[in-house]
Amino acid sequence: MLIPVLLFIVGLILLIKGGDWFVDGATAIAHKFHVPELLIGATVVSIGTTLPEVMVSATSAVSGHGEIAYGNALGSIICNTALIAAITITAKPSSVDKKTLVKPIAFFFGSAIFYAATAYITGTFSRITGIILLVIFVLYIATLVKEAINAPKPEITPEQNYPDASDDPRYIVRDILKLIIGAVFIAVGADLLVDNGTLIAKALGVPESVIALTFVALGTSLPELVTAITSLKKGHGALSLGNVIGANIFNLVLVSGVSTTLSPFAVPASKTIAGMNASLVVDIPVMFAVMLILTMPALIKGKLTRLQGIVLLLIYAAFCIFQFVS
């Protein structure tokens with residue numbers, strides 16, 4: 001047990017340092033090319049912080065553990081929204097640009113409806129389903145890139161005019177290296193945390209389905225948590241929110257798309273409530289509920305409140321308690 005604990009700690013250290021470099025690199029690049037931080041968060045940062053979910057889910061699906069691949073995707077979305085975004089807005093409520101949020105939110109709920117319909121109607125995620133999800137991923141990235149190209153350049157304040165925004169190639173290379181090395185540290189750190197944390201959980205007798213929806217989901221979402229906390233500390237709240245929404249889309253269309261395309265699997269039915277599949281009764285509805293609570297006030301009022309964060313944290317606590325006691 002000593003070695004897993006030590007590797008767990010190493011993974012945590014890599015995550016923290018990787019998150020720090022990743023945010024620095026991403027924000028510097030955003031300022032350099034005058035791209036809105038929320039857009040950078042919803043694309044580049046989200047891809048980087050979703051790498052652990054992709055690796056864990058794809059490996060699980062190929063090795064015959066579709067339950068972990070499925071639970072990791074849903075659990076990560078719930079964790080990203082009801083824990084990570086909740087911590088961010090509880091600590092520092094802020095206003096948001098409603099126009100920038102419209103397309104990412106529309107893509108998420110469109111993808112979620114397709115995902116849920118597949119689960120409820122067919123009960124199986126086929127290879128065709130996986131390919132459709134990957135096509136949605138490509139369309140999402142293409143839409144945001146087109147939007148970024150056509151968007152007017154924001155004004156850069158003196159405080160934002162960092163040396164990183166210089167045309168000196170050395171700064172550009174340094175920022176790209178920070179982004180890449182940070183992403184690698186995040187991926188390796190998350191992998192160490194998940195692998196060794198899962199060993200510790202199994203040693204304590206925790207079921208695989210519960211590990212997937214809670215512990216693995218939390219472990220693979222740690223990059224988003226580290227990025228959110230680092231962004232908040234550095235004053236980049238928009239980057240954090242964009243990262244969470246983008247990561248949730250990627251969990252549905254990229255993580256699920258890759259794992260399902262590689263190895264199709266059925267909706268896990270290891271737990272039931274009144275004879276019904278617990279995932280269809282609890283997990284998917286909770287995913288929709290927490291995203292609605294997070295995004296609808298932002299779209300309507302253009303701001304995130306502390307009350308939203310507290311409600312989401314309570315929902316996440318209740319969700320985790322349900323998974324362990326049911």
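Here are some informal notes for someone meeting this structure for the first time.

1. Ground rules. This is a predicted model, in which local features need pLDDT of at least 70 and side-chain atom pairs count only at pLDDT 80 or more, while totals for chains, interfaces and linings use all residues. Residues are numbered from 1 along each chain as its sequence is written, and side-chain values use heavy atoms, with hydrogens and water left out.

2. The overall layout. You'll find ten helices and four strands in the chain. Helices here are DSSP runs of H or I with at least four residues, strands are runs of E with at least two, and both are numbered from the N terminus. Read from that end, the order is α-α-α-α-β-α-α-α-α-β-β-β-α-α. Of the 326 residues in the chain, 52% are buried. Buried means under 20% relative accessible area, exposed means over 50%, and partly exposed is in between, using a 1.4 Å probe and protein chains only.

3. Helix 4 on its own. Helix 4 covers residues 98-121, which is 24 residues. From first C-alpha to last it reaches 34 Å, close to the 34 Å expected at 1.5 Å a residue; the expected span is 1.5 Å times one less than the number of residues. Its buried residues are T100, L101, P104, I105, F108, F109, S111, A112, Y115, A116, T118 and A119. As background, an α-helix has 3.6 residues a turn, so residues three or four places apart point the same way. After helix 4 comes G123, with a positive phi near 75°.

4. Helix 4 against helix 9. Helix 9 (residues 278-301) packs with helix 4 at an angle of about 165°, and the axes are 11 Å apart. Axes are lines fitted to C-alpha atoms, for helices over the stretch in contact, and angles run from 0 to 180 degrees between N-to-C directions. That makes the two helices roughly antiparallel, the label for angles over 145 (under 35 is roughly parallel, 65 to 115 roughly perpendicular, the rest oblique). The residues of this contact divide into 21 nonpolar, one polar and two charged. Nonpolar covers Ala, Val, Leu, Ile, Met, Phe, Trp, Tyr, Cys and Pro; charged covers Asp, Glu, Lys and Arg; the others, Gly among them, are polar.

5. Two partly exposed spots on helix 4. V102 lies in helix 4 and is partly exposed at 44% relative accessible area. V102 and L299 are 197 residues apart in sequence, yet 7.3 Å apart in space, C-alpha to C-alpha. K103, also in helix 4, is partly exposed at 37%. Its C-alpha is 9.8 Å from that of E147, 44 residues away along the chain.

6. The aromatics. There are eight aromatic pairs. Rings of Phe, Tyr and Trp (its six-membered ring) pair if their centres lie within 6.5 Å, with planes under 30 degrees apart counted as stacked, over 60 as edge-to-face and the rest as tilted. Take Y140 and F250: the ring centres are 5.8 Å apart and the planes sit at 75°, so this pair is edge-to-face. Y140 is in helix 5 (residues 127-150) and F250 in helix 8 (residues 237-262), so the pair ties together parts 110 residues apart in sequence. Y140 is buried at 1% relative accessibility, and F250 is buried at 0%. Both belong to one aromatic cluster with F107 and F137.

7. One more link. L74 sits in helix 3 (residues 66-91) and is buried, with a relative accessible area of 1%. The C-alpha atoms of L74 and L252 are separated by 7.8 Å, with their positions 178 residues apart along the chain.
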